[in-house]
Amino acid sequence: MPELILRLVRFFETPHGRKLFRYSMVSVVSTVVSFAVLFLTYGVLRLWSEVPDTLIANLVATVPSYYLNRNWAWGKSGRSHLLREVVPFWSLSVAGILLSIFTSSEAKHLSDVHHLHHFGRTVLVLGANLGAFGILWVLKFLLFNRLFHVHQTDDAELVEA
């Protein structure tokens with residue numbers, strides 16, 4: 001077990017490990033933002049139904065996600081490249097938002113079938129939102145790692161050392 005921990009520490013000291021850690025932390029931040037907005041708009045204020053509340057929450061969370069990923073995780077600065085950065089990021093983000101809207105609608109339907117109170121509905125809608133974006137997390141990391149032209153290093157040698 002200590003050897004595994006040592007190997008993980010060595011991995012997170014590599015450029016690829018740091019990038020993965022930073023990407024993960026950006027995902028944590030955007031998830032917290034999305035959950036907070038969704039909980040507030042759907043769970044507390046009951047502004048609209050699950051679909052518009054999910055849409056608003058995820059749109060709000062996507063803006064800081066783009067800038068944090070671009071600047072912190074991939075180390076890019078200056079103007080964003082429309083076709084190589086902005087369009088692919090927002091395309092996958094919209095795909096995630098559409099998937100989260102679908103899963104949130106299904107969660108609402110499931111809560112109706114089981115006659116759950118509003119708190120139970122809120123928990124299901126939040127879980128559906130998390131699940132939808134969890135599905136796209138790895139895909140986005142792999143894709144944007146290539147799109148932002150981050151140079152790969154041979155991290156395997158550093159981990160095995």
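D112 and K108 both sit in helix α4, four residues apart, about one turn of the helix. Their side chains meet in a salt bridge, 3.2 Å from N to O. This is a predicted model.

**Salt bridges**

The count of salt bridges comes to three. Side chains of opposite charge can pair when their charged atoms come close. D112 has a further partner: its side chain also meets that of R121, at 2.1 Å, N to O. Salt bridges that share partners thus join K108, D112 and R121 into one network.

How covered are the members of this network? D112 has a relative accessibility of 32%, so it counts as partly exposed. K108 is partly exposed too, because its relative accessible area is 23%. R121 has a relative accessible area of 18% and is buried. The cut-off for buried is under 20%.

Another salt bridge joins R70 and E85, at 2.5 Å, N to O. This pair links distant parts of the chain: R70 lies in helix α3 and E85 in helix α4, 15 residues apart. R70 is buried, with a relative accessible area of 3%. E85 is buried as well, at 4%.

| Salt bridge | N to O distance |
|---|---|
| R70 and E85 | 2.5 Å |
| D112 and K108 | 3.2 Å |
| R121 and D112 | 2.1 Å |

**Helix α4**

Helix α4 covers residues 82-113, which is 32 residues. What span should it have at 1.5 Å a residue? The expected span is 46 Å, because the rule multiplies 1.5 Å by one less than the number of residues. The end C-alpha atoms of α4 are 44 Å apart, which agrees. After α4 comes H115, whose phi is positive, near 50 degrees.

**Aromatic pairs**

A pair of aromatic rings is described by the distance of the centres and the angle of the planes. The count here comes to four aromatic pairs. One of them is F11 with F12: the ring centres are 5.3 Å apart and the planes stand at 70 degrees, so the pair is edge-to-face. Edge-to-face requires planes over 60 degrees apart. F11 is buried, at 18% relative accessible area, whereas F12 is partly exposed, at 37%.

Y66 and F89 also pair. Their ring centres are 5.1 Å apart and their planes are at 70 degrees, so this pair too is edge-to-face. The pair links distant parts of the chain, with Y66 in helix α3 and F89 in helix α4, 23 residues apart. Y66 is buried, with a relative accessible area of 4%. F89 is buried at 1% relative accessibility.

There is also an aromatic cluster. F11, F12 and F21 form it.

**Contacts of helix α3**

T54 is in helix α3. Is T54 buried or exposed? Its relative accessible area is 0%, so T54 is buried. Leaving out residues up to four places away in sequence, T54 touches L38, S100, I101, S104, V125 and N129.

V51 is also found in helix α3. V51 counts as partly exposed, because its relative accessibility is 29%. With the same sequence neighbours left out, V51 touches I101 and S105. I101 therefore appears in the contact lists of both V51 and T54, where contact means heavy atoms within 4.5 Å. V51 and I97 are 46 residues apart in sequence; their C-alpha atoms are 10.0 Å apart in space.

**A nonpolar surface patch**

Which residues make the nonpolar surface patch? They are F39, L40, V44, L45, L47, W48, I56 and V60, and the patch covers about 720 Å². Helices α2 (15-44) and α3 (50-73) each supply at least two of its residues. The largest share, three residues, comes from α2.

L40 is one of the patch residues, and its place is in helix α2. At 44% relative accessibility, L40 counts as partly exposed. Patch residues need over 30% relative accessible area, so L40 passes that cut-off.

Methods: Residues numbered from 1 in each chain as written. Predicted model: local features only at pLDDT ≥ 70, side-chain atom pairs only at ≥ 80, totals over all residues. Heavy atoms only, no water. Patch = residues over 30% accessible without salt bridge, like charges linked within 9 Å, V, L, I, M, F, W, Y side chains within 5 Å. Areas by Shrake-Rupley, 256 points an atom, 1.4 Å probe, with all protein chains shown as cover. Salt bridge = Lys/Arg side-chain N within 4 Å of Asp/Glu carboxyl O. Buried < 20%, exposed > 50% of the residue type's maximum accessible area, 1.4 Å probe, protein only. Phe/Tyr/Trp six-rings, centres within 6.5 Å; stacked < 30°, edge-to-face > 60°.
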